[in-house]
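Here's a small set of exercises to work through with the model open in your viewer. Try each task before you read its solution.

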Amino acid sequence: MKKVGLVGGTSWVSTIDYYKFINEGVNKKLGGLQFAECLIYSLNFGDIQEKTWPNSYELVLNACLSLQKSGVDAIVLCANTAHMHAEKIEKEIDVPLIHIGTETAKAIVQEKITTVGLLGTSFSMEMDFYKDRLKSFGLNVLIPESQENRNYIQQVLKQELGKGIINPESKENYIKIANELIGRGAEAIILGCTEIPLLINQSDFSVPVFDTTKIHSDAIVSFMLA
């Protein structure tokens, strides 16, 4: 089994899901008491918030280098937004980086879907790093048109979901925003922040929903057992 290094803590709430999904996935394949061999470098999310995501490259890189020194066979960034630094980090490390955007795009293309609605942090929705990765697979990416809605998604992620707080009113509003994307032609919805699946999931929609946390975790398991 290959050993994977997880850069987590962004937030710790979704890092728990990664750990759970990866261990369950390995055990499903191998049975018995076989589970994942992995290392977690859990960043203090407060440090990233203080620096802001665009200025957090050194923090994320240092976590990756620390994991690499520990002998891992691949690096995982346990947050969609952290992938704004992925291309720079790939040039600094000597092991593969399992990219959440790439794995999500591959899962969508496999379902022959071409137009997707993206929900995520304001960085993932408004900056190009994530959308461009999806577009490189031929996908048309829609984000909420209203700045107010994008700000609202960000606020809930930061003030509620990042702390593990589940608010029914926020769930209702997220569903409404996603349905607006569907109304504009989205054939599927990407839950493009690893905390969003805590709030909404496939049962809330009639179109396919792509849970990036689960997709990423499945790809990690495949790598570990390849």
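The exercises below go from the domain contact to salt bridges and then to two single residues.

This is a predicted model, so to speak of ground rules: local features need pLDDT of at least 70, side-chain atom pairs count only at pLDDT 80 or more, and totals for chains, interfaces and linings use all residues. Residues are numbered from 1 along each chain as its sequence is written, and side-chain values use heavy atoms, with hydrogens and water left out.

**Exercise 1. The domain contact**

Task: Split the protein chain into its domains and describe the area buried between domain 1 and domain 2.

Solution:

Step 1. Start with the bounds, which come from an automatic or database domain assignment. Domain 1 covers 4-99 + 214-225, and domain 2 covers 101-212.

Step 2. Now get the spacing: the C-alpha centres of the two domains are 21 Å apart. Domain 1 puts 23 residues into the contact and domain 2 puts in 25, with contact meaning heavy atoms within 4.5 Å.

Step 3. Next comes buried area, the accessible area (1.4 Å probe) that two parts lose on being put together, summed over both. Between domain 1 and domain 2 that comes to about 1900 Å², and carbon and sulfur atoms give 58% of it.

Step 4. Look for the big contributors on the domain 1 side. Asn80, His99 and Ile215 supply 38% of what domain 1 buries against domain 2, more than any other three residues.

**Exercise 2. Polar links across the interface**

Task: Count the salt bridges and polar contacts across the interface of domain 1 and domain 2, then sort the domain 1 side by element and class.

Solution:

Step 1. Apply the salt-bridge rule: a side-chain nitrogen of Lys or Arg within 4 Å of a carboxyl oxygen of Asp or Glu. Across this interface the rule finds one.

Step 2. Do the polar contacts. These are pairs of N or O atoms within 3.5 Å; within protein, one must be able to donate a hydrogen and the other to accept it, and residues adjacent in sequence count only if both atoms are side-chain atoms. The interface has 16 residue pairs in polar contact, both residues at pLDDT 80 or more.

Step 3. Map the domain 1 side onto elements, where helices (H or I, at least four residues) and strands (E, at least two) are DSSP runs, numbered from the N terminus. Helix 1 (12-30) and helix 10 (212-225) are the elements giving two or more residues to it, and helix 1 gives the most, with five.

Step 4. Sort by class: Ala, Val, Leu, Ile, Met, Phe, Trp, Tyr, Cys and Pro are nonpolar, Asp, Glu, Lys and Arg charged, and the others, Gly among them, polar. That side has 11 nonpolar, nine polar and three charged residues.

**Exercise 3. Two salt bridges compared**

Task: Place the salt bridges Lys106–Glu103 and Glu145–Arg184 in the chain and classify their residues.

Solution:

Step 1. Recall the general idea: side chains of opposite charge can pair when their charged atoms come close. The structure holds eight salt bridges.

Step 2. Lys106 and Glu103 meet at 3.4 Å, N to O. Both lie in helix 5 (residues 100-110), three residues apart, about one turn of the helix.

Step 3. For accessibility, buried means under 20% relative accessible area, exposed over 50%, and partly exposed in between (1.4 Å probe, protein chains only). Lys106 is partly exposed because its value is 40%, while Glu103 is buried because its value is 18%.

Step 4. In the other pair, the closest N and O atoms of Glu145 and Arg184 are 4.0 Å apart. This one links distant parts of the chain, 39 residues apart: Glu145 is in the loop between strand 5 (140-142) and helix 8 (147-159), and Arg184 is in the loop between helix 9 (168-183) and strand 6 (188-191).

Step 5. Glu145 has 63%, so Glu145 is exposed. Arg184 has 36%, so Arg184 is partly exposed.

**Exercise 4. Two loop residues**

Task: Are Ala186 and Thr121 buried or exposed, and what do they touch?

Solution:

Step 1. Ala186 is in the loop between helix 9 and strand 6. Ala186 counts as buried because its relative accessibility is 6%.

Step 2. Skipping neighbours within four places in sequence, Ala186 contacts Thr115, Val116, Gly117, Leu142 and Leu181.

Step 3. Thr121 is in the loop between strand 4 (115-119) and helix 6 (122-126). Thr121 counts as buried because its relative accessibility is 7%.

Step 4. Not counting residues up to four places away in sequence, Thr121 touches Thr81, Gln154, Leu157 and Cys193. With Thr81, the side chains make a polar contact of 2.8 Å.
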